[in-house]
Amino acid sequence: MQFWKKFALGAVAAVGLAIPAVAAERAVIVLDGSGSMWAQIDGKARITIARETLSSVLADLPEDLELGFMTYGHREKGNCGDIEMLVEPAAGTGPAIAAAADGINPKGMTPISDAVRLAAEDLRFTEEKATVILITDGLETCEVDPCKLATELEAQGIDFTTHVLGFGLSDEEGQQVACLAENTGGQYLSAADGAGLVDALTKTVAQVVQAEPEPAPAPEPEPEPVAAYNLKPTVSFAEGGPDLVDETYDIVWSWYKPNAEGGEGEYVGTDYYARFEGTLEPGKYILKVEIGSASASQPITIQDGKIAKPHFVLNAAILKLHPMSSEGAEVSEDASTEVNLNGEYLAYDYGDVNLVVPAGALEAIVTIGEASVSRTYNPKAGETIDEDVILGTGVVFFTSEYAPGSKVEDDIFMEIFEAKVALDGSRKSVAYGYNGEQDYELPAGDYVMDYKLDGTSGQVPFSVATAERTDVPVLLNAGVLAITTPTDDYVEIFSASKDIAGNRKSFDYGYGPNVQTTLAAGDYVVFSKKNDVESETPVTIKAGERFELTIEPAAPGGKTK
């Protein structure tokens, strides 16, 4: 990666110095902040690679380049409106963009089209020349046609361009978003790893810096002689299997000086790709190859005038899993999959799973929402496992009201339990949260939801069906009691009636001068005490209404009712 960092800085700086002093375009970089950005490439999360790339490429920009930064899916799950301009377009924003990228915590949807549209509007694309650079590792998930949007923006814009950098996308996936670039006169560039992303971002930023007019192309230099090499390794998944000869897989070659025990000692270098041809100083090395979670290493000797051609057998398999909430549904982008080998953690992935893993006893734990399933496999070297994983989930959506038409805005606590009761009378907790509106993806079955808001509580049974949405209204039939006391009086709210033993039920308590609580409609007694001064005040709470009570100070030693 160090080579590409140096190349990126040099390329952008060189473009900036070679162009006459013309006004640069205004541009916005849109970075995918959806949950799939936690997926890993060569053991490093995509979001981490994207942050490093931005920090490298934007470290030395021309002073007059006005650049902004936008992201989406970084604040909450399931919200197609979760789009935010983190850095407004301005000159000298490189450090601010890198800092903003470091603060992104991917978790949500992929509203590609709306993000591009909002970025274009922020750039006043109908009035001025404007460019959007989109970095995404996923496809549109918010039911907007990116191709149609691109055509509309191109028709409205003065000179509008979108470049799309597909990070970790397959060729088929890339074709589905490439129209955003093609329909606006931009470029679609594919990046399989960090080096590719640096190269793609450098090219697109350089085009923005270049503005207009483009200079006449310089004569192509004479091709340099092909450098000699003395190392040409090959690798296959299984003994006797075919060598890998294309770039379908992210292959990493690393070499080390051997230590005293003959293992990996001092690190020397790294390179990539199946067709790797290297030039090493003569001597002994430990050469290691890695693809996904599988690796192999062996000692090699480099000699003058000879080409070392070591062959590696990874003893690896391919694991392709397609998590779905129900039969026939789309692959869930919110799904997470943990893979263990012989009981030990091996890898983690989001959405559609396509991993190279060591052959052996594998367990895949697939989770969508609150539902999880475990699958076990024992693939042989060179084998591919490709299957759908159906979790059979549905969605439940809770809305809460004090009374009909009066929504609960406070953080009401809801906890979901399985309806089945154990021998000891307990139920298994499934999920919980705080909000007046909450939604969960759950396995099909029967449940009970317990809620509590201050002094009111209740229970709502419900059922979830596969591939269906269940709306559950929660009517508290409650109001709000707001109490003002002279100072920091102790306040406790009891039921108006007493039980057979003469005791009142306590619902809530607090300390003045201001105490507020939510109570089910009905009659209560408000007890207050400051030192030896006590008072009791009857109140009646009505559903959907607020009752304000002021407790007047009493004489010392007094007691009022």
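This is a guided tour of a predicted model, moving from the whole chain to single residues that can be selected one after another.

**The whole chain**

Begin with the entire chain in cartoon view, where seven helices and 37 strands can be traced. Turned along its principal axes, the chain has C-alpha atoms that fill a box of roughly 105 × 65 × 50 Å. The radius of gyration is 32 Å, whereas a compact globule of 561 residues would have a value near 24 Å.

Switching to a surface view, you are looking at an accessible surface of about 27,800 Å², and carbon and sulfur atoms contribute 49% of that area. Of the 561 residues in the chain, 45% are buried. If you display contacts with a separation of 6 or more, 65% of them are between residues 24 or more positions apart.

Colouring by charge brings out 39 positive and 90 negative side chains, and the centres of these two sets are 7 Å apart.

**The disulfides**

Next, select the cysteine sulfur atoms that are bonded to one another; the count comes to two disulfides. With the bonded cysteines counted along the chain, the pattern is 1-2, 3-4.

Select Cys80 and Cys142 together, and you will find them joined by a disulfide with an S to S distance of 2.1 Å. Cys80 sits in the loop between strand 4 (66-72) and strand 5 (83-91), while Cys142 sits in the loop between strand 6 (129-136) and helix 5 (146-156), so this pair ties together parts that are 62 residues apart in sequence. Looking along the S-S bond, you will see a left-handed link, with -90° about that bond. The two partners can then be inspected for their cover: Cys80 is partly exposed at 29% relative accessibility, and Cys142 is buried with a relative accessible area of 11%.

Now move to Cys147 and Cys179, which form a disulfide with sulfur atoms 2.0 Å apart. Cys147 belongs to helix 5 and Cys179 to helix 6 (residues 171-182), so the parts tied together by this pair are 32 residues apart in sequence. The torsion about the S-S bond of Cys147 and Cys179 is about -85°, and the disulfide is therefore left-handed. Cys147 is partly exposed, its relative accessible area being 28%, while Cys179 is buried, with a value of 6%.

**A buried threonine in strand 6**

Select Thr131, which has its place in strand 6. With a relative accessibility of 2%, Thr131 counts as buried, because the cut-off for that term is under 20%. To see what surrounds Thr131, leave aside its neighbours within four places in sequence and display its remaining contacts, which are Glu25, Arg26, Ala27, Val28, Leu123, Thr161, His163 and Val208.

**Backbone details in the loops**

From strand 6, follow the chain into the loop that leads to helix 5, and select Glu143 there. Glu143 is not a glycine, yet its phi is positive, at about 60°. Glu143 is also exposed, with a relative accessible area of 82%.

A positive phi can be found again at Asn477, a residue other than glycine, where the value is near 50°. To locate Asn477, go to the loop between strand 29 (469-475) and strand 30 (478-484). Asn477 is partly exposed, with 43% relative accessible area.

For a backbone feature of another kind, select Gly512 and Pro513, which are joined by a cis peptide bond with omega of about 10°. Pro513 is located in the loop between strand 32 (506-511) and strand 33 (514-520).

**A last distance to draw**

Finally, select Gly369, in the loop between strand 19 (362-368) and strand 20 (371-377). Gly369 is partly exposed, its relative accessible area being 41%. Draw a line from the C-alpha atom of Gly369 to that of Asp454, and the separation shown should be 28 Å, for two residues that are 85 residues apart along the chain.

Terms used:
Residues are numbered from 1 along each chain as its sequence is written. This is a predicted model: local features need pLDDT of at least 70, side-chain atom pairs count only at pLDDT 80 or more; totals for chains, interfaces and linings use all residues. Side-chain values use heavy atoms; hydrogens and water are left out. Helices (H or I, at least four residues) and strands (E, at least two) are DSSP runs, numbered from the N terminus. The radius of gyration is taken over C-alpha atoms; the globule rule is 2.2 Å times the number of residues to the power 0.38. Buried means under 20% relative accessible area, exposed over 50%, partly exposed in between (1.4 Å probe, protein chains only). Contact means heavy atoms within 4.5 Å. Accessible areas come from the Shrake-Rupley method with a 1.4 Å probe; for residues, only the protein chains shown count as cover. Lys and Arg count as positive and Asp and Glu as negative; His and the chain ends are not counted. The place of a charge is taken as NZ of Lys, CZ of Arg, CG of Asp or CD of Glu. A disulfide is a pair of cysteine sulfur atoms within 2.5 Å.
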